[in-house]
Amino acid sequence: MAGKGGATPATYAPSPSTKKDKKKPSTFADADWVRPDGRSFHQCRPAFLKTAAVNSASGSAYAEFGSTKVIVSVFGPRESKKAMMYSDVGRLNCNVSYTTFATPIRGQGADSKEVSSVLHKALEGAIILESFPKTTVDVFALVLESGGSDLPVIISCASLALADAGIMLYDLITSVSVSCLGKNLVIDPLPEEESNQDGSFMIACMPSRDEITQLTLTGEWSTPKINEATQLCLDACKKLGKIMRSCLKEAVSGGSQEEEL
């Protein structure tokens, strides 16, 4: 959130669906199943955002979505290594790592190489690489606590850190994921939901341009379910984008720098 300390965290949940289907997912035994944190199926977690979280970096951001906590540092643009071939456009390097205490079982975070690759693909399409030729921008993301929907939080936080570093972007990148649990779609899933999901769907997009930079899909999905998941994610991404812009505006005015995490 980009507000004063003590204020209610902002939420970026999409508009309530007119169709209310709250039947029990086939993967859960409880007939009156509700989400572990009490949210409705189409309700996102509160979001707290802050820029300039790392003094030594060119730009940085801290994001807290529920119990998921991520910090991203951006360094550069700086001269590319001599061993690299000449390029008229800039280079982007992304690295994602998990602290040893990020998950309940020590060292059981997601595959860092795979997550780093997805992060690179999601960000690359939104960065104006021509604005820093022959140089490299390094993005380092550290997951402090894995509380579900880690990748979308990493992507959104990295976008905010790039903007804080003054890297030229076509637009901010926001990301949201959805899990399919039985007949229901749940947005911004928790670890318990992700471990029981029948399929996952994630979008990273530039909300002001209505352009998708990355889409990942696992499991079996019908066309109507894909359409519904896409609309849920895009709606939430646009609302998250407004929160991120508010955070950047407050950083310029000095408001967000006074917040306590």
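These questions and answers go through a predicted model, from its overall make-up to single residues.

Residues are numbered from 1 along each chain as its sequence is written. In this predicted model, local features need pLDDT of at least 70, side-chain atom pairs count only at pLDDT 80 or more, totals for chains, interfaces and linings use all residues, and side-chain values use heavy atoms, with hydrogens and water left out.

Reader: How many helices and strands are there in the protein chain?
Author: Helices (H or I, at least four residues) and strands (E, at least two) are DSSP runs, numbered from the N terminus. The elements run β-β-β-β-α-β-α-β-β-α-β-β-α. The totals are 4 helices and 9 strands.

Reader: What share of the residues in the protein chain is buried?
Author: Buried means under 20% relative accessible area, exposed over 50%, partly exposed in between (1.4 Å probe, protein chains only). The protein chain has 261 residues. Buried residues make up 49%.

Reader: Among contacts between residues at least 6 apart in sequence, what share joins residues at least 24 apart?
Author: Contact means heavy atoms within 4.5 Å. The share is taken over contacts in the protein chain between residues at least 6 apart. Those that join residues at least 24 apart come to 71%.

Reader: What is the strand order in the open sheet of 5 strands?
Author: Two strands pair if DSSP finds at least two bridges between them. β1 and β4 (91-98) stand at the edges, each with a single partner strand, so one side of each has no neighbour in the sheet. Pairing is mixed, and the order is β1-β2-β3-β5-β4.

Reader: Which strand runs parallel to β5, joined by 8 bridges?
Author: Strands of a sheet pair through backbone hydrogen bonds, either parallel or antiparallel. β3 pairs with β5 in the antiparallel sense over 9 bridges, with Glu79 bridged to Thr135 in β5. In the parallel pair, Val96 stands opposite Ala141 in β5. The parallel strand is β4.

Reader: Which residue in β2 stands opposite Phe48?
Author: β1 and β2 pair in the antiparallel sense. They do so over 5 bridges. Opposite Phe48 in β2 is Glu64.

Reader: Which helix packs on the sheet, touching β4 and β5?
Author: Axes are lines fitted to C-alpha atoms, for helices over the stretch in contact, and angles run from 0 to 180 degrees between N-to-C directions. The helix spans residues 112-124, and its direction makes about 140 degrees with that of β4. The helix is α1.

Reader: How many aromatic pairs are there?
Author: Rings of Phe, Tyr and Trp (its six-membered ring) pair if their centres lie within 6.5 Å; planes under 30 degrees apart count as stacked, over 60 as edge-to-face and the rest as tilted. The count by this rule is 3.

Reader: Why is the pair of Phe48 and Tyr62 called edge-to-face?
Author: The ring centres of Phe48 and Tyr62 are 6.4 Å apart. Phe48 lies in β1 (residues 47-51) and Tyr62 in β2 (residues 59-65), so the pair ties together parts 14 residues apart in sequence. Both Phe48 and Tyr62 are buried. The pair is edge-to-face because its planes stand at 65 degrees.

Reader: How many residues apart are Phe75 and Phe140?
Author: Their ring centres are 5.9 Å apart with planes at 70 degrees, so this pair is edge-to-face. Phe75 sits in β3 (residues 68-79) and Phe140 in β5 (residues 135-145), so the pair links distant parts of the chain. The separation is 65 residues.

Reader: What relative accessible area does Phe140 have?
Author: Phe75 is partly exposed at 22%. Phe140 is partly exposed too. Its relative accessible area is 38%.

Reader: How many residues of α2 are buried?
Author: α2 covers residues 150-164. Gly166 follows α2, with a positive phi near 80 degrees. The helix is mostly covered, and of its 15 residues the buried number is 13.

Reader: How far apart are the axes of α2 and α4?
Author: α4 spans residues 223-253 and packs against α2 at about 35 degrees. The contact includes Ser156 and Leu160 of α2 and Leu240 and Met244 of α4. The axes are 11 Å apart.

Reader: What is the C-alpha separation of Glu211 and Ala126?
Author: Glu211 is found in β9 (residues 211-219). The two residues are 85 apart along the chain. Their C-alpha atoms are separated by 9.4 Å.

How values were computed:
Expected span 1.5 Å × (residues − 1).
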